Amino acid sequence: MTVPPSASSFASVAVVGAGAWGTALANATARAGRAVMLLARDARHIAASRQSPRLPGVTLDAAIRISADASDAAGAGVVLLAVPAQALRTALQPLADVLGDGTVVVACAKGIERGSHRFMTEVIAEEAPRTIPAILSGPSFADDVARGLPTAVTLAAAREEVAAALCQALGSPTFRPYHTTDVRGVEIGGAAKNVLAIAAGIVAGRSLGASALAALTTRGFAELLRFGRACGAQIETLSGLSGLGDLILTCSSPQSRNFSFGVALGQGESAATASHGKLAEGAFTAQVLLDIARARGIDMPITAAVAAILEGRIDVDGAIQTLLARPFKAEG
């Protein structure tokens with residue numbers, strides 16, 4: 001059994017992935033006074049320009065070191081995995097033998113692994129069993145975080161002292177983490193809201209009106225609650241930043257890639273082209289989320305509609321009509 005690190009061992013942080021989110025987290029962590037190593041595939045270009053092509057106009061803090069060598073993460077007390085959910089396992093594999101016992105590895109992706117149906121902390125536990133898995137999620141756009149605009153998120157780890165120490169290490173006046181031990185609740189909020197944001201985008205893209213968008217978001221939250229409760233998540237978590245908070249943000253702004261993806265679907269684009277070259281995690285998560293829900297007997301009609309649209313089993317208008325034709329019932 002690994003011994004949880006003390007807050008003082010979090011002085012050094014490695015951020016894996018130099019996309020928009022990795023760049024943002026690297027800047028936020030440097031602002032918190034940590035020594036930051038950013039691991040990037042195109043390290044030479046980023047080191048020269050001090051910018052990520054995924055987040056133009058944002059300059060990396062001068063104190064951030066940049067490398068393409070996984071071994072440079074050795075000695076870090078915390079590793080932030082800022083890579084897409086479906087790439088998290090692959091990104092972690094070269095690090096597994098480098099990281100010391102008890103290193104905290106924080107998944108910063110919002111999704112569920114396809115095929116295995118594993119949540120992000122489960123992937124970490126499988127690939128790097130000597131480390132301590134954690135998860136970061138909440139209502140946060142990369143550009144806002146990178147520029148130091150006020151943002152609040154949730155950090156979860158199975159042990160309270162680890163989660164609390166992470167908050168102390170990564171928090172700053174403009175980046176405020178709240179801690180919890182409800183790891184699964186935080187993971188569910190982040191994964192489910194992406195799928196629901198696609199549905200919200202479809203409503204907006206079809207110009208169904210603000211009333212329909214509000215109804216969709218509210219009924220989507222009911223699905224999130226049902227799924228979370230069935231998986232043992234705490235209501236406080238699902239109603240907090242990483243659940244309801246992130247859902248509100250993602251279902252209401254074109255800055256959200258999932259919402260924008262849904263808007264394009266609603267305007268008639270195909271699932272193959274609607275992303276416009278940007279990653280929409282919900283497109284990968286929808287069917288996985290639905291598979292888990294069906295296995296547990298959880299009713300998730302909005303999720304089912306999104307999955308059916310993405311798989312080409314129904315068109316947008318057919319999905320809307322199916323939802324509108326559902327029997328009337330008590331709210332819940």
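A polar contact is taken here as a pair of N or O atoms within 3.5 Å, where, within protein, one atom must be able to donate a hydrogen and the other to accept it. A good place to apply this in the present model, which is a predicted one, is Thr103. The side chain of Thr103 reaches the backbone oxygen of Gly100 at 2.8 Å. Thr103 itself sits in the loop that links helix H3 (88–92) to strand E5 (104–107). With a relative accessibility of 6%, Thr103 counts as buried, because the cut-off for that class is under 20%. Once neighbours within four places in sequence are set aside, the residues in contact with Thr103 are Ala76, Gly77, Val78, Val79, Thr131 and Ile132.

From this loop, it is helpful to step back to the sheet. Its 8 strands are arranged as an open sheet in the order E3-E2-E1-E4-E5-E6-E7-E8, and the pairing is mixed. The edges are taken by strand E3 (65–67) and E8; each has a single partner strand, so one side of each is left without a neighbour in the sheet. On average, and with direction ignored, neighbouring strands of the sheet are turned by 25° against each other.

Strand E7 (residues 151–157) deserves a closer look. Of its 7 residues, 6 are buried, so E7 is largely enclosed by the rest of the structure. One partner of E7 is strand E6 (residues 132–137), and these two pair in the antiparallel sense over 4 bridges. Within this pairing, Ala134 is found opposite Ala157 of E7. Another partner is strand E8 (residues 175–180), which pairs with E7 in the parallel sense over 6 bridges. Here Thr151 stands opposite Phe175 in E8, while Ala156 stands opposite Thr180 in E8. To get from E7 to E8, the chain passes through helix H6 (residues 160–170), and this β-α-β crossover is right-handed.

Helices also lie against these strands. Helix H1 (residues 20–31) lies across strand E1 (12–16), strand E2 (35–39), strand E4 (78–81), E6 and E8. Relative to E2, helix H1 runs at about 170°. Helix H7 (residues 183–205) likewise packs on the sheet, where it touches E6, E7 and E8. The direction of helix H7 makes about 40° with that of E6. Strand E7 thus has E6 and E8 as pairing partners and is also touched by helix H7.

Technical notes: Residues numbered from 1 in each chain as written. Predicted model: local features only at pLDDT ≥ 70, side-chain atom pairs only at ≥ 80, totals over all residues. Heavy atoms only, no water. Buried < 20%, exposed > 50% of the residue type's maximum accessible area, 1.4 Å probe, protein only. Pairing = 2+ DSSP bridges. Right-handed = clockwise from strand over helix to strand, strands pointing away. Contact = heavy atoms within 4.5 Å. Axes fitted to C-alpha atoms, helices over the stretch in contact; angles between N-to-C directions.
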